[in-house]
Amino acid sequence: MKNVEQLSNLKLRLSYGISGNSAVSAYQTQGGLGKTMYAYLINNTENGAYGYYPALTPNYNLGWEKTATANIGIDFGFFNNRISGSLDIYQQKTSDLLMQKKVPSSTGYSLAWDNVGKTENKGVELVINTQNFNQKDFSWNTDYTFTLNREKITELADGTDRDISNGWFVGHSIKTHYGLEKIGIWQLDEAAEAAKYGEKPGRIKIKDQNKDGSIDNDNDRIILGSETPDFVMGLNNTFKYKNFDLRVFMYWRQGQMLHSEANGYGSYRIQGDPGIKVNYWTPENPTNEFPRPEKSYSDSSKLDALGYVDGSYLKIKEITLGYQLPKSWIGKIHASNIRIYCSLKNFFTFSHLDNYDPERGGSLSYPMTKQAVFGINVDF
(Lines give C-alpha, C1' and ligand atoms only; values in the text may rest on other atoms or scores of the structure.)
Protein backbone atom coordinates (compact mmCIF):
# COMPACT_ATOMS: atom_id res chain seq x y z
CA MET A 1 0.00 0.00 0.00
CA LYS A 2 2.99 2.30 -0.51
CA ASN A 3 1.20 4.16 -3.27
CA VAL A 4 -1.73 5.14 -1.04
CA GLU A 5 -0.38 8.52 0.01
CA GLN A 6 -3.22 9.32 2.38
CA LEU A 7 -2.57 6.19 4.45
CA SER A 8 0.24 6.38 7.03
CA ASN A 9 -0.47 3.34 9.17
CA LEU A 10 -2.83 0.36 9.13
CA LYS A 11 -2.53 -2.61 11.46
CA LEU A 12 -4.99 -5.39 12.23
CA ARG A 13 -4.87 -7.07 15.64
CA LEU A 14 -6.48 -10.30 16.83
CA SER A 15 -6.08 -11.74 20.32
CA TYR A 16 -7.55 -14.35 22.62
CA GLY A 17 -6.55 -15.34 26.13
CA ILE A 18 -7.67 -16.62 29.50
CA SER A 19 -6.54 -14.88 32.69
CA GLY A 20 -7.02 -15.75 36.32
CA ASN A 21 -7.86 -13.38 39.15
CA SER A 22 -7.53 -14.23 42.83
CA ALA A 23 -9.32 -10.96 43.78
CA VAL A 24 -9.22 -11.69 47.52
CA SER A 25 -6.62 -11.20 50.20
CA ALA A 26 -4.56 -14.04 51.59
CA TYR A 27 -6.37 -16.43 53.99
CA GLN A 28 -9.84 -15.17 53.03
CA THR A 29 -10.92 -18.76 52.40
CA GLN A 30 -10.37 -19.49 56.09
CA GLY A 31 -12.64 -16.72 57.34
CA GLY A 32 -11.52 -14.18 59.89
CA LEU A 33 -12.18 -12.59 63.25
CA GLY A 34 -13.67 -9.22 64.03
CA LYS A 35 -12.83 -7.05 67.04
CA THR A 36 -15.54 -5.61 69.28
CA MET A 37 -15.94 -3.98 72.70
CA TYR A 38 -17.65 -5.76 75.59
CA ALA A 39 -18.69 -4.33 78.94
CA TYR A 40 -18.36 -6.08 82.33
CA LEU A 41 -18.80 -5.05 85.95
CA ILE A 42 -16.16 -4.92 88.67
CA ASN A 43 -17.47 -3.69 92.06
CA ASN A 44 -20.53 -2.26 90.33
CA THR A 45 -18.30 -0.28 87.95
CA GLU A 46 -18.66 -0.86 84.23
CA ASN A 47 -15.40 -1.67 82.45
CA GLY A 48 -14.61 -2.21 78.80
CA ALA A 49 -12.68 -5.04 77.20
CA TYR A 50 -12.04 -6.15 73.65
CA GLY A 51 -13.15 -9.50 72.34
CA TYR A 52 -13.14 -11.28 69.01
CA TYR A 53 -15.89 -12.99 67.04
CA PRO A 54 -16.13 -14.86 63.70
CA ALA A 55 -16.63 -12.05 61.17
CA LEU A 56 -16.40 -13.86 57.83
CA THR A 57 -17.56 -17.37 57.07
CA PRO A 58 -14.83 -19.64 55.66
CA ASN A 59 -15.11 -21.17 52.18
CA TYR A 60 -12.51 -23.86 51.56
CA ASN A 61 -13.83 -24.46 48.03
CA LEU A 62 -13.16 -20.90 46.86
CA GLY A 63 -11.45 -20.90 43.45
CA TRP A 64 -9.89 -18.49 40.98
CA GLU A 65 -12.02 -16.18 38.89
CA LYS A 66 -11.31 -16.85 35.20
CA THR A 67 -11.85 -14.46 32.28
CA ALA A 68 -11.66 -15.42 28.60
CA THR A 69 -11.17 -12.40 26.33
CA ALA A 70 -11.42 -12.17 22.55
CA ASN A 71 -10.46 -8.92 20.82
CA ILE A 72 -10.29 -7.64 17.27
CA GLY A 73 -8.73 -4.26 16.71
CA ILE A 74 -7.34 -1.96 14.08
CA ASP A 75 -4.77 0.83 14.37
CA PHE A 76 -4.88 3.50 11.70
CA GLY A 77 -3.21 6.72 10.58
CA PHE A 78 -3.98 9.10 7.72
CA PHE A 79 -2.28 12.11 6.14
CA ASN A 80 1.12 11.58 7.73
CA ASN A 81 -0.65 10.66 11.00
CA ARG A 82 -2.47 13.98 11.20
CA ILE A 83 -5.42 11.71 11.98
CA SER A 84 -4.63 8.53 13.93
CA GLY A 85 -6.26 6.18 16.38
CA SER A 86 -7.52 2.70 17.11
CA LEU A 87 -10.77 0.76 17.19
CA ASP A 88 -11.27 -2.32 19.37
CA ILE A 89 -14.22 -4.70 19.59
CA TYR A 90 -14.06 -7.16 22.46
CA GLN A 91 -15.94 -9.83 24.37
CA GLN A 92 -15.12 -11.05 27.86
CA LYS A 93 -16.67 -14.07 29.56
CA THR A 94 -15.94 -14.49 33.25
CA SER A 95 -16.67 -17.66 35.19
CA ASP A 96 -16.45 -18.44 38.92
CA LEU A 97 -16.94 -14.76 39.64
CA LEU A 98 -15.43 -13.83 43.02
CA MET A 99 -17.70 -11.58 45.07
CA GLN A 100 -18.95 -11.14 48.60
CA LYS A 101 -22.57 -12.13 48.92
CA LYS A 102 -25.04 -11.53 51.73
CA VAL A 103 -25.99 -14.57 53.81
CA PRO A 104 -28.85 -14.98 56.32
CA SER A 105 -27.97 -13.42 59.67
CA SER A 106 -29.20 -16.60 61.35
CA THR A 107 -25.93 -18.21 60.25
CA GLY A 108 -24.04 -15.85 62.53
CA TYR A 109 -22.47 -14.03 59.57
CA SER A 110 -23.53 -11.25 57.23
CA LEU A 111 -21.16 -11.71 54.25
CA ALA A 112 -19.31 -14.57 52.60
CA TRP A 113 -16.85 -14.84 49.71
CA ASP A 114 -18.03 -17.20 46.98
CA ASN A 115 -17.71 -18.06 43.29
CA VAL A 116 -21.14 -16.70 42.47
CA GLY A 117 -21.58 -17.38 38.74
CA LYS A 118 -20.75 -16.11 35.26
CA THR A 119 -20.79 -12.73 33.55
CA GLU A 120 -20.29 -11.40 30.03
CA ASN A 121 -18.92 -8.08 28.82
CA LYS A 122 -18.83 -6.95 25.22
CA GLY A 123 -18.22 -3.57 23.76
CA VAL A 124 -16.38 -1.11 21.57
CA GLU A 125 -13.51 1.25 22.33
CA LEU A 126 -12.57 4.02 19.90
CA VAL A 127 -9.65 6.45 20.17
CA ILE A 128 -9.00 9.21 17.61
CA ASN A 129 -6.14 11.73 17.74
CA THR A 130 -6.12 14.69 15.38
CA GLN A 131 -3.62 17.47 14.65
CA ASN A 132 -6.04 20.21 13.63
CA PHE A 133 -3.41 22.94 13.22
CA ASN A 134 0.35 22.69 13.36
CA GLN A 135 1.92 26.06 12.57
CA LYS A 136 5.02 27.76 13.91
CA ASP A 137 3.29 29.88 16.55
CA PHE A 138 -0.01 27.99 16.90
CA SER A 139 -1.02 24.35 17.23
CA TRP A 140 -4.26 22.59 18.16
CA ASN A 141 -4.53 18.87 18.92
CA THR A 142 -7.65 16.92 19.84
CA ASP A 143 -8.06 13.49 21.44
CA TYR A 144 -11.43 11.71 21.26
CA THR A 145 -12.37 8.60 23.22
CA PHE A 146 -15.58 6.60 23.03
CA THR A 147 -16.48 3.50 25.04
CA LEU A 148 -19.61 1.39 24.82
CA ASN A 149 -19.88 -1.62 27.13
CA ARG A 150 -22.69 -4.10 27.68
CA GLU A 151 -22.42 -6.16 30.84
CA LYS A 152 -24.70 -8.89 32.12
CA ILE A 153 -24.84 -11.85 34.48
CA THR A 154 -25.27 -15.05 32.48
CA GLU A 155 -25.45 -17.56 35.33
CA LEU A 156 -25.72 -17.64 39.12
CA ALA A 157 -24.02 -20.30 41.20
CA ASP A 158 -27.20 -21.79 42.65
CA GLY A 159 -28.87 -22.13 39.24
CA THR A 160 -31.58 -19.53 39.89
CA ASP A 161 -32.24 -16.48 37.73
CA ARG A 162 -32.11 -13.97 40.58
CA ASP A 163 -30.54 -13.25 43.97
CA ILE A 164 -32.64 -10.40 45.34
CA SER A 165 -30.69 -9.93 48.58
CA ASN A 166 -27.57 -9.11 46.57
CA GLY A 167 -29.34 -7.40 43.65
CA TRP A 168 -28.12 -9.93 41.05
CA PHE A 169 -30.32 -10.89 38.09
CA VAL A 170 -29.46 -13.11 35.14
CA GLY A 171 -29.46 -11.04 31.96
CA HIS A 172 -28.71 -7.78 33.78
CA SER A 173 -25.69 -5.86 35.02
CA ILE A 174 -24.05 -6.70 38.34
CA LYS A 175 -24.70 -3.11 39.45
CA THR A 176 -28.47 -3.26 38.98
CA HIS A 177 -30.96 -1.17 40.96
CA TYR A 178 -34.02 -3.09 42.18
CA GLY A 179 -36.82 -1.35 44.04
CA LEU A 180 -40.19 0.36 43.99
CA GLU A 181 -40.88 2.69 41.06
CA LYS A 182 -41.81 6.26 41.99
CA ILE A 183 -44.15 7.77 39.40
CA GLY A 184 -44.84 11.06 41.15
CA ILE A 185 -46.62 12.53 44.17
CA TRP A 186 -50.29 12.01 44.98
CA GLN A 187 -52.12 15.23 44.08
CA LEU A 188 -55.24 16.80 45.59
CA ASP A 189 -57.50 15.58 42.78
CA GLU A 190 -56.24 12.01 43.37
CA ALA A 191 -57.27 11.83 47.03
CA ALA A 192 -59.85 9.07 46.48
CA GLU A 193 -57.39 6.89 44.49
CA ALA A 194 -54.63 7.51 47.05
CA ALA A 195 -56.90 6.39 49.88
CA LYS A 196 -57.23 2.96 48.25
CA TYR A 197 -53.50 2.50 48.88
CA GLY A 198 -53.63 3.97 52.39
CA GLU A 199 -52.06 7.21 51.19
CA LYS A 200 -53.08 10.85 50.90
CA PRO A 201 -52.15 13.84 48.74
CA GLY A 202 -48.56 14.90 49.17
CA ARG A 203 -47.14 11.42 49.68
CA ILE A 204 -45.02 9.38 47.28
CA LYS A 205 -46.94 7.73 44.46
CA ILE A 206 -45.60 4.22 43.70
CA LYS A 207 -46.55 2.24 40.61
CA ASP A 208 -48.73 -0.79 41.37
CA GLN A 209 -46.87 -3.18 39.09
CA ASN A 210 -49.25 -6.16 39.39
CA LYS A 211 -52.38 -3.96 39.76
CA ASP A 212 -53.61 -5.80 42.86
CA GLY A 213 -54.59 -2.62 44.71
CA SER A 214 -51.71 -2.63 47.18
CA ILE A 215 -48.01 -1.77 47.26
CA ASP A 216 -45.60 -4.32 48.71
CA ASN A 217 -41.94 -5.24 48.27
CA ASP A 218 -42.65 -8.81 47.19
CA ASN A 219 -44.80 -7.98 44.16
CA ASP A 220 -44.10 -4.40 43.18
CA ARG A 221 -40.31 -4.09 43.11
CA ILE A 222 -38.77 -4.15 39.64
CA ILE A 223 -35.41 -3.64 37.96
CA LEU A 224 -35.21 0.13 37.65
CA GLY A 225 -31.87 0.58 35.91
CA SER A 226 -28.14 0.08 36.12
CA GLU A 227 -25.05 2.01 37.16
CA THR A 228 -23.43 0.92 33.88
CA PRO A 229 -23.75 3.83 31.40
CA ASP A 230 -24.94 3.42 27.82
CA PHE A 231 -21.70 5.02 26.66
CA VAL A 232 -18.77 7.13 27.86
CA MET A 233 -17.05 9.84 25.82
CA GLY A 234 -14.01 12.01 26.42
CA LEU A 235 -12.75 15.05 24.52
CA ASN A 236 -9.36 16.62 25.20
CA ASN A 237 -8.23 19.76 23.36
CA THR A 238 -4.71 21.15 23.65
CA PHE A 239 -3.88 24.60 22.25
CA LYS A 240 -0.46 26.24 22.04
CA TYR A 241 0.18 29.83 21.03
CA LYS A 242 3.77 30.96 21.28
CA ASN A 243 4.61 30.49 24.98
CA PHE A 244 1.03 29.92 26.11
CA ASP A 245 -0.68 26.52 26.38
CA LEU A 246 -4.28 25.68 27.16
CA ARG A 247 -5.79 22.26 27.89
CA VAL A 248 -9.56 21.63 28.14
CA PHE A 249 -10.76 18.13 29.04
CA MET A 250 -14.47 17.20 28.83
CA TYR A 251 -16.07 13.95 30.00
CA TRP A 252 -19.57 12.55 29.30
CA ARG A 253 -21.36 9.57 30.86
CA GLN A 254 -24.81 8.87 29.45
CA GLY A 255 -27.57 6.51 30.57
CA GLN A 256 -26.51 5.50 34.09
CA MET A 257 -28.84 5.34 37.10
CA LEU A 258 -27.65 6.35 40.56
CA HIS A 259 -29.06 5.71 44.00
CA SER A 260 -28.44 9.19 45.33
CA GLU A 261 -28.03 9.72 49.05
CA ALA A 262 -28.77 13.39 48.43
CA ASN A 263 -32.25 12.54 47.14
CA GLY A 264 -32.99 9.38 49.10
CA TYR A 265 -34.17 8.42 52.54
CA GLY A 266 -30.92 9.41 54.25
CA SER A 267 -31.07 13.08 53.21
CA TYR A 268 -34.79 13.72 52.82
CA ARG A 269 -35.26 15.23 56.27
CA ILE A 270 -38.73 14.91 57.74
CA GLN A 271 -37.55 15.40 61.30
CA GLY A 272 -34.44 16.47 63.20
CA ASP A 273 -31.65 18.32 61.44
CA PRO A 274 -32.48 19.99 58.13
CA GLY A 275 -31.20 18.34 54.98
CA ILE A 276 -30.63 19.70 51.52
CA LYS A 277 -33.03 22.22 50.04
CA VAL A 278 -35.64 20.29 48.05
CA ASN A 279 -38.83 21.05 46.15
CA TYR A 280 -41.38 19.81 48.72
CA TRP A 281 -45.01 19.21 47.78
CA THR A 282 -47.52 21.57 49.36
CA PRO A 283 -51.12 22.36 48.35
CA GLU A 284 -49.80 25.59 46.86
CA ASN A 285 -46.84 23.86 45.19
CA PRO A 286 -48.18 20.63 43.61
CA THR A 287 -44.78 19.27 42.57
CA ASN A 288 -44.04 15.66 41.67
CA GLU A 289 -40.48 15.76 43.01
CA PHE A 290 -40.52 15.44 46.81
CA PRO A 291 -43.36 14.54 49.19
CA ARG A 292 -44.81 16.83 51.80
CA PRO A 293 -42.77 17.30 55.00
CA GLU A 294 -44.39 14.86 57.41
CA LYS A 295 -42.71 13.94 60.67
CA SER A 296 -44.80 10.80 61.29
CA TYR A 297 -44.18 9.32 57.83
CA SER A 298 -41.55 6.56 57.95
CA ASP A 299 -42.19 4.11 55.10
CA SER A 300 -38.52 3.57 54.27
CA SER A 301 -39.09 1.49 51.12
CA LYS A 302 -41.12 4.29 49.53
CA LEU A 303 -38.75 7.01 50.74
CA ASP A 304 -35.90 4.94 49.32
CA ALA A 305 -37.52 5.20 45.88
CA LEU A 306 -36.74 8.93 45.91
CA GLY A 307 -33.04 8.14 45.51
CA TYR A 308 -33.17 6.46 42.10
CA VAL A 309 -32.23 9.19 39.65
CA ASP A 310 -30.78 9.67 36.18
CA GLY A 311 -27.04 10.05 36.77
CA SER A 312 -26.04 11.11 33.25
CA TYR A 313 -23.68 14.06 33.18
CA LEU A 314 -21.40 16.16 31.03
CA LYS A 315 -18.42 17.65 32.82
CA ILE A 316 -15.64 20.02 31.92
CA LYS A 317 -13.25 18.00 34.02
CA GLU A 318 -10.20 20.22 33.78
CA ILE A 319 -9.07 23.55 32.32
CA THR A 320 -5.35 24.31 32.55
CA LEU A 321 -3.67 27.49 31.30
CA GLY A 322 0.10 27.72 31.32
CA TYR A 323 2.85 30.12 30.28
CA GLN A 324 6.47 29.21 29.61
CA LEU A 325 8.86 31.99 30.47
CA PRO A 326 11.18 33.04 27.60
CA LYS A 327 14.71 31.62 27.65
CA SER A 328 16.12 35.14 27.80
CA TRP A 329 14.35 35.72 31.10
CA ILE A 330 15.48 32.58 32.88
CA GLY A 331 19.05 32.33 31.63
CA LYS A 332 20.32 34.49 34.48
CA ILE A 333 19.27 31.90 37.07
CA HIS A 334 20.62 29.04 34.94
CA ALA A 335 17.21 27.40 34.54
CA SER A 336 16.44 25.47 31.36
CA ASN A 337 12.68 25.82 31.64
CA ILE A 338 10.15 27.63 33.87
CA ARG A 339 6.40 27.23 33.36
CA ILE A 340 3.69 28.80 35.49
CA TYR A 341 0.14 27.49 35.31
CA CYS A 342 -3.37 27.60 36.74
CA SER A 343 -5.73 24.64 36.70
CA LEU A 344 -9.48 24.46 37.41
CA LYS A 345 -10.87 20.99 38.18
CA ASN A 346 -14.52 19.89 38.50
CA PHE A 347 -15.82 23.45 38.16
CA PHE A 348 -18.46 22.85 35.48
CA THR A 349 -20.90 19.90 35.66
CA PHE A 350 -24.15 19.63 33.69
CA SER A 351 -26.66 17.04 34.94
CA HIS A 352 -30.24 16.54 36.16
CA LEU A 353 -29.06 16.81 39.77
CA ASP A 354 -28.82 20.20 41.47
CA ASN A 355 -25.99 20.91 43.90
CA TYR A 356 -24.55 17.39 43.55
CA ASP A 357 -21.76 15.96 41.43
CA PRO A 358 -22.94 12.60 39.99
CA GLU A 359 -19.35 11.46 39.45
CA ARG A 360 -19.42 10.31 43.09
CA GLY A 361 -21.97 7.65 42.13
CA GLY A 362 -24.62 8.78 44.61
CA SER A 363 -22.49 8.73 47.76
CA LEU A 364 -22.26 11.74 50.08
CA SER A 365 -19.40 10.32 52.15
CA TYR A 366 -16.60 11.69 49.99
CA PRO A 367 -17.98 14.58 47.90
CA MET A 368 -16.22 15.76 44.78
CA THR A 369 -14.41 19.03 45.38
CA LYS A 370 -13.83 21.95 43.06
CA GLN A 371 -10.15 22.76 42.91
CA ALA A 372 -8.16 25.77 41.75
CA VAL A 373 -4.47 24.85 41.53
CA PHE A 374 -1.64 27.30 40.89
CA GLY A 375 1.85 26.04 40.31
CA ILE A 376 5.26 26.49 38.78
CA ASN A 377 7.51 23.93 37.06
CA VAL A 378 11.24 24.63 37.12
CA ASP A 379 13.91 22.62 35.29
CA PHE A 380 17.65 23.18 35.72
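# A tour from Ala335 outward

Begin by selecting Ala335, which counts as buried because its relative accessibility is 11%, below the 20% cut-off used for that class. The model on screen is a predicted one, and every stop on this tour should be read with that in mind. Ala335 sits in the loop that runs between α4 (327-330) and β21 (337-351). Which residues should be displayed around it, once its neighbours within four places in sequence are left aside? Show Ile330, Val378, Asp379 and Phe380, with which Ala335 is in contact. For one of these partners a distance can be drawn: the C-alpha atoms of Ala335 and Asp379 lie 5.9 Å apart in space, although the two residues are 44 apart in sequence.

**The whole chain**

Now zoom out until the full protein is in view, and colour it by secondary structure to bring up 4 helices and 22 strands. Along the principal axes, the C-alpha atoms fill a box of roughly 80 × 60 × 60 Å. The radius of gyration is 28 Å, whereas a compact globule of 380 residues would have one near 21 Å. Of the 380 residues, 32% count as buried. If contacts are drawn between residues at least 6 apart in sequence, 64% of them join residues at least 24 apart.

**The largest pocket**

Next, select Asn263, Glu289, Phe290, Val309 and Leu353, which lie nearest the centre of the largest pocket among the 24 residues that line it. About 680 Å³ of space lies in this pocket. Its lining is made up of 14 nonpolar, 4 polar and 6 charged residues. Which strand gives the largest share of that lining? Highlight β19 (residues 308-310), from which 3 of the lining residues come.

**Two nonpolar cores**

Keep Phe290 selected, since this residue also belongs to the largest nonpolar core. To see that core in full, add Leu180, Ile185, Ile204, Ile206, Val278, Trp281, Tyr297, Leu303, Ala305 and Leu306, which together with Phe290 make up its 11 residues. A second core, separate from this one, has 6 residues, among them Leu97, Val116, Leu156 and Ile174.

**The enclosed cavity**

Leave Leu97, Val116, Leu156 and Ile174 on display, for these residues are also found in the lining of the largest cavity. Add Met99, Gly117, Lys118, Thr119, Ile153, Glu155 and Trp168 to complete that lining. Two elements, β8 (117-134) and β9 (138-156), are those that give two or more residues to it. About 40 Å³ of space lies in this cavity, and the count of cavities of 30 Å³ or more comes to 1. By class, the residues around the cavity are 7 nonpolar, 2 polar and 2 charged.

**Two loops with positive phi**

For the last stops, turn to the backbone. Most residues other than glycine have a negative phi. Select Asn80, in the loop between β4 (65-78) and β5 (83-95), where phi has a positive value near 60°. Is Asn80 buried or exposed? Asn80 counts as exposed because its relative accessibility is 68%, over the 50% cut-off.

Then move to Lys242, which is found in the loop between β16 (231-241) and β17 (244-254). Phi of Lys242 is also positive, near 50°. With a relative accessible area of 54%, Lys242 is likewise exposed.

Definitions and conventions: Residues are numbered from 1 along each chain as its sequence is written. This is a predicted model: local features need pLDDT of at least 70, side-chain atom pairs count only at pLDDT 80 or more; totals for chains, interfaces and linings use all residues. Side-chain values use heavy atoms; hydrogens and water are left out. On a 1 Å grid over the protein atoms alone, a cavity is a set of points where a 1.4 Å probe fits but cannot get out, and a pocket is an open set with protein on both sides within 12 Å along at least five of seven lines; lining residues have an atom within 4 Å of a point. Grid points are joined across faces, edges and corners, and a volume is the space filled by probe spheres set on the points. Ala, Val, Leu, Ile, Met, Phe, Trp, Tyr, Cys and Pro count as nonpolar, Asp, Glu, Lys and Arg as charged, and the others, Gly among them, as polar. A nonpolar core is a set of buried Ala, Val, Leu, Ile, Met, Phe, Trp, Tyr and Cys residues joined through side-chain atoms within 4.5 Å. Buried means under 20% relative accessible area, exposed over 50%, partly exposed in between (1.4 Å probe, protein chains only). The radius of gyration is taken over C-alpha atoms; the globule rule is 2.2 Å times the number of residues to the power 0.38. Contact means heavy atoms within 4.5 Å.
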